[in-house]
Every structure is written in C-alpha cells, then in structure tokens.
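Subject: Handover of a structure and what was found in it

Dear colleague,

Please find the structure below, handed over for your use. My findings follow it.

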Amino acid sequence: MSALSFRGLISRLHQHLLSPSLSSIAAAPTPLPFHLLSRRFLSSDALLDGSQILLQPTRIIQATPSVMTPNSKRTGIIAVKCGMTALWDKWGARLPITILWVDDNIVSQVKTLEKEGIFSLQIGCGHKKAKHLTKPEVGHFRAQGVPLKRKLKEFPVTEDALLPVGTFIGVQHFVPGQYVDVTGISRGKGFQGGMKRWGFKGMPQSHGTSLTHRSIGSTGQRDAPGKVFKGKKMPGRMGGKQRTVKNVWVYKVDPARNLMWVKGQVPGATGNFVFIKDAVYNKPDVSMLPFPTYFATKDEDTADLEPLVADLGEVQEQRSLELFVGKAKGMKREQQVECGGCGAPERLLLHNLRHRASYRRLCTNCVLKNHQGLFCPICLEVFKESPPPQQRLICLKCPSISHLSCSSSSSSSHSSFTCPPCSNPNFSFFNFTPNKKPKSTPDHPPGSNDHDDKMRVIDKEAAKALLAAAKIAAASMTKAAAVARVEAERRVKEATLTKKRAKEALERLAFLARKDNDRLNKSKADAAAAAAAEKGNNNGLYPVSHANPPKLQRQHSAHGMPN
C-alpha cells in the first residue's frame, strides 16, 4: 500500500469519526474492540461503518478482594535473587533454600480487551533515577502516574484479576506451602565443548587417541547428504538463556522484609531478576490464595509481622519416618508410601529396617515372614536368645523356631511340626478391620467424634504382630548402626594411616630434594673452585706448555728465525 493511499484511508476514517450523524443515533450499536477495528482497518476489506465506531465506556477497576475461581489467573511478581542457603525443618530434614527479595512491586499499567485486546498487568520492580532511563520510558511512567521503576514485566491475567494502576503487591501475594513457577536468565558459561554443554561421553581414553579425548566425534555423513543437519548438538555458547523452573515449593514468607524462601534452585546469578507466578501444573488450592492479591488492613503494620512458615503436616510426618530408609522398587524414600515387599499401601504401618543389604520399608506381615527364627510364630514372642534344643521345635519347611509349650497345644505330632505360614499359604500375621466404628458407650456416644468413620480397630493378635515386627526392625536398625559405626571407624583408621603415609612420603621427597640440591650446589662449588685455581696458576695467560702465543709461533715458522 502506497503512502498516499494510506493517508487517504486515515482521512476517511477521521471523517467517519467526526461525522455529525453519529450524534443523531438513537440506539447505540454494539461497539467493536480496538484490536478488531485495527485489524479491519489495516486489511484490504472495506472500512467500517461510522455507526460501529463508538467510544468504549471506561472500565472501572477496584482494588477489592474477591472470590477466586478454578479458571482465574492471578498476576505474578518480580523478585531479586539474593542467594542460596540451607535450613533444617522441625523434622530434622535439610532443605536447600533460595532467598528472593520482592522489591516494591506495583502495577504500572493495565491492559484490557477493549483497548489492547488482552487482559494483562504490567508490574514494575525496584527504583531508578530519571537520568538512567530513556525519555520514552520516563514518559510512560509519568503518563501512568507511577514512580520510576527499574524492571518491568507483563503478566497475562483473567478479567476478574485486574488491579488498578499503583496497587502495591507484596510478598504475601504467595502463601507458604504453595507451588510456583520461577523464570529467569540462567548463568552464562561462555563457549563450552560438547561434553560439558550436552553431556557427551567423549572419545576413548586409551591408546591411539591423540589430542581428541574431549572431541564430539562425527557430525554427519559423507557425500549423501553432504552437510550437517540443523540442530546438531555441537560446541557453542552455553547458558545465558531464559529458563523456567516449575513447581518450586514456597517454604517461608517474611512480610516485614519482603523476603521469600523457596526450596531448591532458581535460574540466574545472585542479583538477577526472576519472575514468579502460580504453578501451572501443580496448581495451588484456590481457597488458600489471596485474590486478586493480598490487601493489607488499615491498622496493619508490616514491620511487626512474623514470618509465615509452611505447615509441614502429614507429609513431613511421613518424611520423618523415612529419613533412614533406602530406596525400594526404584522409588525415592520420601515418595515411598507402600510396602517394599508386597506393595501394601499402609504408610503409617510400615517399618524401617535393613533387609538383604539395603534399607527398605516393609509391612508387618513381610517383616515377620522374612525373619523366621527370630520369634515364635505362634505366640509372637521375639527371642533375645535362641531357646535351648529341649524347649524348641523347628519347622520342617522353614527355619522358624517355636516354643515347645506353644506347639504342644497346636500340633499333635512334634516330628511333623509346621509353622502356621507354611501350613496355610493365605496365613497373615497382621489383620485389622478398616472403617469400623467403635461401639457406642455413655462416654463415647455415636457421632461424638468426627473421625469415627476413619478409625481402624486392631485386635490383640494383630497388636502382638505389630509389636514383634517393630522389635525386629529396631534390632535390625541397631545392628546396621553398629556395623556402620565399625565401618566408619575402619575408614577413619584407613584415612589416618593414609594421611600418615602421605606425610612420610612428602618428608622423604623433601629429604631427597634437599639431598639432590646439596649435591648440585657442591658440584657447582667444586667447578667454581677448579676454575678459580686454574685462573690463578696461569695469571690470566695461555697454558704453561705454550711458551709463545700461537700467532708468534706461526711467524717464527714462516721466517725461519727465532723471535
């Protein structure tokens, strides 16, 4: 489109806007959004009718709390990465923590569907002088009537999450225990090779490989196709790109200092800006979030507010039981909520023990079935010492040992004794009745407890089995701790001995170095002394065997007469 035709369209549009017929319209038609108007105006279609081009009513946005729906989308905030540290929670677990500083976030611009074609909020962070900003930036801030900001970021929101310009957004916008997505610019590592950048294995480290141990190898084929395909992983610049870490757990929030503690690492170096918003995949509970943001009361003093720490709850209670438990079925300890043997999903009834050279979590039934010979399978008494031969019976099919008194009442023939697990394949040591309400009593009438439907009743035999499994697990962990202590002491002794040998070797090397240095100095001194003695005997002239200089001898031989 030429410049003249474009000017003609603009003038025609102004004529439609300033037409007096617009004021005589009785019923105002439905106005079109600006983005549709601009799309129609810049296209090759005919211009809009002047009756459809009307000014939109001003949208009134108020900073008032409202109810958040599952489809609502809140704004994010801008923070400064202060660094990393480590904390220990009340369960004794170590938490790698990144500290983020929310530096005076305010809403610097509101974009609506009628004007810009999208609902979003522009958030400003920090402070900056006017001399350090460009004139368009200064004009933007002055037009919006907000202070000059150092960093700007636009966050898409839903219509119900709009906030007026100048609204302060603090660190209480997020609550401890929720998950967030953190976006930032990763650390730049410069030009790196394929092994560091992509994790390549490299070339062989043996004979025949010369100066190419860290090479990436072949990058393509021969004449067909005769090129390197795009996207080939090769050496190049590493880092310095925008990356997002998803599902970062918010551990603590300090409103007095506008600090937020999150678990794990976030992209970027110390002092860089990061953008934080609600997690997309692990969505938080809408009932626990302030919507559209947190509004402080009039009498609230943020300097007196205490830090808010995430409620650890049952998750950390489970984790405290799994601190000293190893992996089972390829699953991490903090994720294991079922038995490592039979797969029973009873998290609170699992025992931590060392079984088959590894730390595992097993249910009561698996613990007892895998440790025959340590208890009586009938009375479920754990042996401190093995019973004497005249007071015990051994199962014919397994190494289970039973008391003679217990087996006499349950078996008629001692020569053919078999333990209950061997005699009955479906036998289980531990049985309980879930979801069974207790009987109503005067002290406990029906409906007096809200948790009656979730109570589980364990009979006397199941309690004995649970106690026996707990004793066996405790003995196993005690033995494992003793073995680990012995192994640690052995390694300490080996380390001490190695240190001593290394010290002796260093002393020996130092002695040899001194001896070699003394010998070298002595040889140099002898050579210097010999040179000085030779110089003193000749008085700086030629050797004694030559009475005359070589030149004079040649002259004497040429003329045939003495000098």
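A residue is called buried here when its relative accessible area is under 20%. Arg 74 has a relative accessibility of 4%, and therefore counts as buried. Please keep in mind throughout that this is a predicted model.

Overall picture

The protein has 563 residues, of which 29% count as buried. It contains 10 helices and 19 strands. Its exposed surface comes to about 37,100 Å², with carbon and sulfur atoms supplying 55% of that area. Among contacts with a separation of 6 or more, 65% are between residues 24 or more positions apart.

Confidence in the model

The mean pLDDT is 78, and 72% of the residues reach 70 or more. Over residues 20-30 the pLDDT is below 50, and that stretch has 8 contacts in the model beyond near neighbours in sequence. The pLDDT is also below 50 over residues 435-440, where the model shows 13 contacts beyond near neighbours in sequence. I would ask you to read both stretches with these values in mind.

The nonpolar cores

The largest nonpolar core consists of 36 residues, and those with the most contacts inside it are Leu 100, Leu 121, Met 260 and Ile 276. Several strands each supply at least two residues of this core, including β1 (77-88), β4 (120-125), β10 (242-254) and β12 (273-278). Met 260 illustrates how parts of the chain meet here: leaving out residues up to four places away in sequence, Met 260 touches Thr 98, Ile 99, Leu 100, Val 171, Phe 174, Val 250, Lys 252, Val 253 and Ile 276. A second core, separate from this one, has 16 residues, among them Cys 366, Val 367, Ala 465 and Ala 473.

The sheet around β4

Four strands form an open sheet in the order β5-β4-β3-β6, with antiparallel pairing. Its edge strands are β5 (151-156) and β6 (168-169), each of which pairs on one side only. Strand β4 is joined to β3 by 5 bridges and to β5 by 6 bridges. On the β3 side, Ile 106 has Gly 124 of β4 as its bridge partner. On the β5 side, Leu 121 stands opposite Phe 155, and Ile 123 has Lys 153 as its bridge partner.

How enclosed is β4, and why? All 6 of its 6 residues are buried, so β4 is largely enclosed by the rest of the structure. In a regular strand, side chains alternate between the two faces of the sheet. In β4, one side holds Ser 120, Gln 122 and Gly 124, the other holds Leu 121, Ile 123 and Cys 125, and all of these are buried, leaving both faces covered. Helix α3 (residues 135-144) lies across β3, β4 and β5, and runs at about 85° to β3.

The pairing of β1

Strand β1 pairs antiparallel with β12 over 4 bridges; in this pairing Ile 78 stands opposite Phe 275. Strand β1 is also joined by 8 bridges to the antiparallel strand β2 (residues 94-101), where Lys 81 has Leu 100 as its bridge partner. Together β1 and β2 form a hairpin with 5 residues between them, and Gly 92 in the turn has a positive phi of about 85°.

Two buried loop residues

Which residues does Arg 74 touch? This residue is found in the loop between α2 (34-41) and β1. Not counting residues up to four places away in sequence, Arg 74 touches Met 68, Pro 156, Val 157, Ala 161, His 173, Phe 174, Gln 178, Asp 278, Leu 289, Pro 290, Phe 291 and Pro 292. One of these, Ala 161, is 87 residues from Arg 74 in sequence, yet the two C-alpha atoms are 5.7 Å apart.

The other residue is Asn 258, found in the loop between β10 and β11. Its relative accessibility is 17%, so Asn 258 counts as buried. Apart from neighbours within four places in sequence, Asn 258 is in contact with Leu 100, Trp 101, Val 102, Phe 168, Gly 170 and Val 171. Leu 100 is also among the residues with the most contacts inside the largest nonpolar core.

With kind regards

How values were computed
Residues numbered from 1 in each chain as written. Predicted model: local features only at pLDDT ≥ 70, side-chain atom pairs only at ≥ 80, totals over all residues. Heavy atoms only, no water. Buried < 20%, exposed > 50% of the residue type's maximum accessible area, 1.4 Å probe, protein only. Contact = heavy atoms within 4.5 Å. Areas by Shrake-Rupley, 256 points an atom, 1.4 Å probe, with all protein chains shown as cover. Core = buried A, V, L, I, M, F, W, Y, C linked by side-chain atoms within 4.5 Å. Pairing = 2+ DSSP bridges. Axes fitted to C-alpha atoms, helices over the stretch in contact; angles between N-to-C directions. pLDDT = per-residue confidence, 0-100.
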